[in-house]
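Work through the exercises below with the structure open beside you. Try each task before reading its solution.

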Amino acid sequence: IGMAIEINDYRNFDHDNTGLKIHHVSSASLLKDWINIVNNALFNSKSLDTGLMKKIYQQEQMNLYLGMISKLPVATSLSFQKDDVAGLYMISTMPDYRDHGYGTVITRHTIEQRFKQEARCIILHSSRRAENIYKRIGFREYCRFGVLWLVGKEWRNG
């Protein structure tokens, strides 16, 4: 689901009772923790290449955030901004820590940071599971994406 939000549609909230501490990823050790969460929570594998992510996280227009509970990494987000439009990506929470509000807190933090950096509009692609969370924050649906998986040798050689 393609979604977007503008600053006037953002629904702020007064308090965070989750205890999630959010770190801007600025070191190799935080990046390692960030990659581990994304690989486990989103990909169930080791899909993200550490070398590539080291190059990406240091770019000025990129911001990676890592949410921790008692020094235990549990949630991630990535944002990219070009001019006054930002995209949110890799919003994830470790499976054992879902449904406690950590994903919402790190998403709100990322949104607020981008609005402070003069983003006018923020976009993201949502799973069906997260759609209502984003709507409560103020995102609106703009389009739906279909995904076609081609599997099997006959499709690759066809």
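**Exercise 1: Aromatic pairs**

In this predicted model, three aromatic pairs are counted.

Task: Classify the pair formed by tyrosine 10 and phenylalanine 115, and state which parts of the chain the pair links.

Solution. Step 1: the ring centres of tyrosine 10 and phenylalanine 115 are 6.1 Å apart, with 65° between the planes. Step 2: centres must lie within 6.5 Å to pair, and planes over 60 degrees apart count as edge-to-face, so this pair is edge-to-face. Step 3: tyrosine 10 sits in the loop between strand E1 (2–6) and strand E2 (21–24), while phenylalanine 115 belongs to helix H3 (residues 102–116). The two residues are 105 residues apart, and the pair links distant parts of the chain.

Task: Are tyrosine 10 and phenylalanine 115 buried or exposed?

Solution. Buried means under 20% relative accessible area. Tyrosine 10 has 14% relative accessibility, so tyrosine 10 is buried. Phenylalanine 115 has 10%, so phenylalanine 115 is buried as well.

Task: Classify the pair of tyrosine 134 and phenylalanine 139.

Solution. The centres are 5.7 Å apart and the planes meet at 70°, which makes the pair edge-to-face. Both tyrosine 134 and phenylalanine 139 are buried.

**Exercise 2: Helix H1**

Task: Check the length of helix H1 (residues 28–43) against the expected span.

Solution. Step 1: H1 has 16 residues. Step 2: the expected span is 1.5 Å times one less than the number of residues, so H1 should span 22 Å. Step 3: the end C-alpha atoms of H1 are 21 Å apart, which agrees.

Task: Which elements do the buried residues of H1 pack against?

Solution. Step 1: the buried residues of H1 include Leu30, Trp34, Ile37 and Val38. Step 2: the buried residues of H1 pack against E2, helix H2 (50–57), strand E3 (62–69), E4 and strand E5 (85–93). Just after H1, asparagine 44 has a positive phi of about 50°.

**Exercise 3: The sheet**

Task: Give the strand order of the open sheet and name its edge strands.

Solution. Step 1: the seven strands follow the order E2-E3-E4-E5-E6-E1-E7, with mixed pairing. Step 2: E2 and strand E7 (140–143) each pair on one side only, and these are the edge strands. Step 3: from one strand to the next, the twist averages 30°.

Task: How many bridges join E4 to E5?

Solution. Seven bridges join these antiparallel strands. Threonine 76 stands opposite serine 92 in E5.

Notes. Residues are numbered from 1 along each chain as its sequence is written. This is a predicted model: local features need pLDDT of at least 70, side-chain atom pairs count only at pLDDT 80 or more; totals for chains, interfaces and linings use all residues. Side-chain values use heavy atoms; hydrogens and water are left out. Rings of Phe, Tyr and Trp (its six-membered ring) pair if their centres lie within 6.5 Å; planes under 30 degrees apart count as stacked, over 60 as edge-to-face and the rest as tilted. Helices (H or I, at least four residues) and strands (E, at least two) are DSSP runs, numbered from the N terminus. Buried means under 20% relative accessible area, exposed over 50%, partly exposed in between (1.4 Å probe, protein chains only). Contact means heavy atoms within 4.5 Å. Two strands pair if DSSP finds at least two bridges between them. Axes are lines fitted to C-alpha atoms, for helices over the stretch in contact, and angles run from 0 to 180 degrees between N-to-C directions.
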